[in-house]
Amino acid sequence: MIRHTLGRLASTTVLALVLGLAALPMLWLATAPFDDSPGMSLSVPEFTLRNFAAILDNPYALSSIRNSLIQAGGAAALVVVLAALAAYALSRVRVPGRDVLLYVLLLLSSVVTGTAAMVPIFELATRLDLVDTHLGVILVVSSGLLPAAIFILKDFMDETPTSYEESARVFGASPLQILLHIAVPLVRPGLATIAVWSLASVWGGFLFQFILLRDPDKLPGSVIIYTLYTEGGSPKLDLISTFSLLYSLPVVLMYLFVSKRYGFRFHGGIKA
């Protein structure tokens, strides 16, 4: 009994230490923007709001957040729509070699990284006149996210009962109507998961946005944050911490909203 109690106490202590270490960067991010002279270490801030005023005076800070919303939101919407159509077709239509094709696409999307494919992607974007456009970024980043999104969403589609679809088919519903009115409502938690994952992936993305965009007015926050350095390359911690806090809020709020509504719990194709 004593050994069991000591074991539980030791495991609880280790877990508390790990959680405490993981929480330190979050505490720094929450306090540094309000510190008059923030440093690399966590300390009680000398309260000020001048850091926020300085960020608001930056001509590209707020516009970069708007650009991130356009690019990440557009990519998330495109990935959700295309992944839903592809996952439903792969789940319901018995195509020879279907599973092999899906695994090959997933493997290629993991092996052929953005860095390795950047030259042909940039060449293709140049020929299609998509360089320095939001559409070009949306199409490029969506193509990289689609294989994994289809793979994840197909599992959700496989778990949905087909009896509802068969009944709707008897009454003359088209495949698109079945997808929109029956399959999609059943896999809404899966769609929400894909939307959050896609938006967060694009929100923090840097490589494609940095390569494809030239106009500073179109750069997202993930690129603009690298301009908050001195000419000598030293980070301006007051501006970087403040902008990081503002830049993280939209994704955190979206995650909390979706988590509260759907809970990211899924059982048998229906939210638990």
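What is the volume of the second largest pocket? The second largest pocket has a volume of about 170 Å³. The model in the viewer is predicted, and the tour begins at this pocket.

**Stop 1: the second largest pocket**

Select Pro120, Ile121, Leu124, Ala125, Leu128, Leu130, Leu139, Val140 and Ser143, the residues that line the second largest pocket. By class, this lining consists of 8 nonpolar residues and 1 polar residue, with no charged residue. Helix 5 (118–127) and helix 6 (134–159) each contribute at least two residues to the lining. The largest share, 4 residues, belongs to helix 5.

**Stop 2: salt bridges in helices 5 and 6**

Remain on helix 5 and display the side chains of Glu123 and Arg127, which form a salt bridge with the closest N and O atoms 2.8 Å apart. These two residues of helix 5 are 4 residues apart, about one turn of the helix. Glu123 is partly exposed, with a relative accessibility of 38%, whereas Arg127 is exposed at 69%.

Proceed to helix 6 and select Lys154 and Asp158, a salt bridge in which the closest N and O atoms are 2.9 Å apart. Here too the partners lie 4 residues apart in one helix, helix 6. Lys154 counts as buried because its relative accessibility is 7%, below the cut-off of 20%. Asp158 is partly exposed, with a relative accessible area of 34%.

**Stop 3: the loop between helices 5 and 6**

Select Asp129, in the loop between helix 5 and helix 6. Its phi is near 60°, a positive value in a residue other than glycine. Most residues other than glycine have a negative phi. Asp129 is exposed, at 63% relative accessibility. Asp132 is placed in the loop between helix 5 and helix 6, and the phi of Asp132 is near 65°, again positive in a residue other than glycine.

**Stop 4: Leu213**

From Asp132, go to Leu213: the two C-alpha atoms are separated by 4.1 Å, although the residues are 81 apart along the chain. Leu213 is in the loop between helix 10 (207–212) and helix 11 (221–224). Is Leu213 buried or exposed? With 4% relative accessibility, Leu213 is buried. Leaving aside residues up to four places away in sequence, Leu213 touches Gln71, Asp132, Thr133, Val137, Lys218, Leu219 and Pro220.

**Stop 5: Ser68 and helix 9**

Next, select Ser68 in helix 3 (residues 61–92). Ser68 is buried, at 3% relative accessibility. Beyond residues up to four places away in sequence, the contacts of Ser68 include Trp203, Pro220 and Tyr247.

Trp203 leads to helix 9 (residues 188–203), which has 16 residues and reaches 22 Å from its first C-alpha to its last, close to the 22 Å expected. Buried residues of helix 9 include Pro189, Leu191, Ile194, Leu199 and Trp203.

**Stop 6: the cavity and a further salt bridge**

A search of the whole structure finds 1 cavity of 30 Å³ or more. The largest cavity holds about 40 Å³ of space. To locate it, select Trp28, Thr31, Ala32, Asp35, Pro38, Gly39, Ser41, Leu42 and Ser43, which line the largest cavity. This lining has 4 nonpolar, 4 polar and 1 charged residues.

Finally, display Arg50 and Asp36, whose side chains meet in a salt bridge (2.0 Å, N to O). The pair links distant parts of the chain, 14 residues apart: Arg50 is in helix 2 (residues 50–57), and Asp36 is in the loop between helix 1 (2–31) and helix 2. Arg50 is exposed, with a relative accessible area of 53%, while Asp36 is partly exposed at 33%.

Conventions
Residues are numbered from 1 along each chain as its sequence is written. This is a predicted model: local features need pLDDT of at least 70, side-chain atom pairs count only at pLDDT 80 or more; totals for chains, interfaces and linings use all residues. Side-chain values use heavy atoms; hydrogens and water are left out. Buried means under 20% relative accessible area, exposed over 50%, partly exposed in between (1.4 Å probe, protein chains only). Contact means heavy atoms within 4.5 Å. On a 1 Å grid over the protein atoms alone, a cavity is a set of points where a 1.4 Å probe fits but cannot get out, and a pocket is an open set with protein on both sides within 12 Å along at least five of seven lines; lining residues have an atom within 4 Å of a point. Grid points are joined across faces, edges and corners, and a volume is the space filled by probe spheres set on the points. Ala, Val, Leu, Ile, Met, Phe, Trp, Tyr, Cys and Pro count as nonpolar, Asp, Glu, Lys and Arg as charged, and the others, Gly among them, as polar. The expected span of a helix is 1.5 Å times one less than its number of residues. A salt bridge is a side-chain nitrogen of Lys or Arg within 4 Å of a carboxyl oxygen of Asp or Glu.
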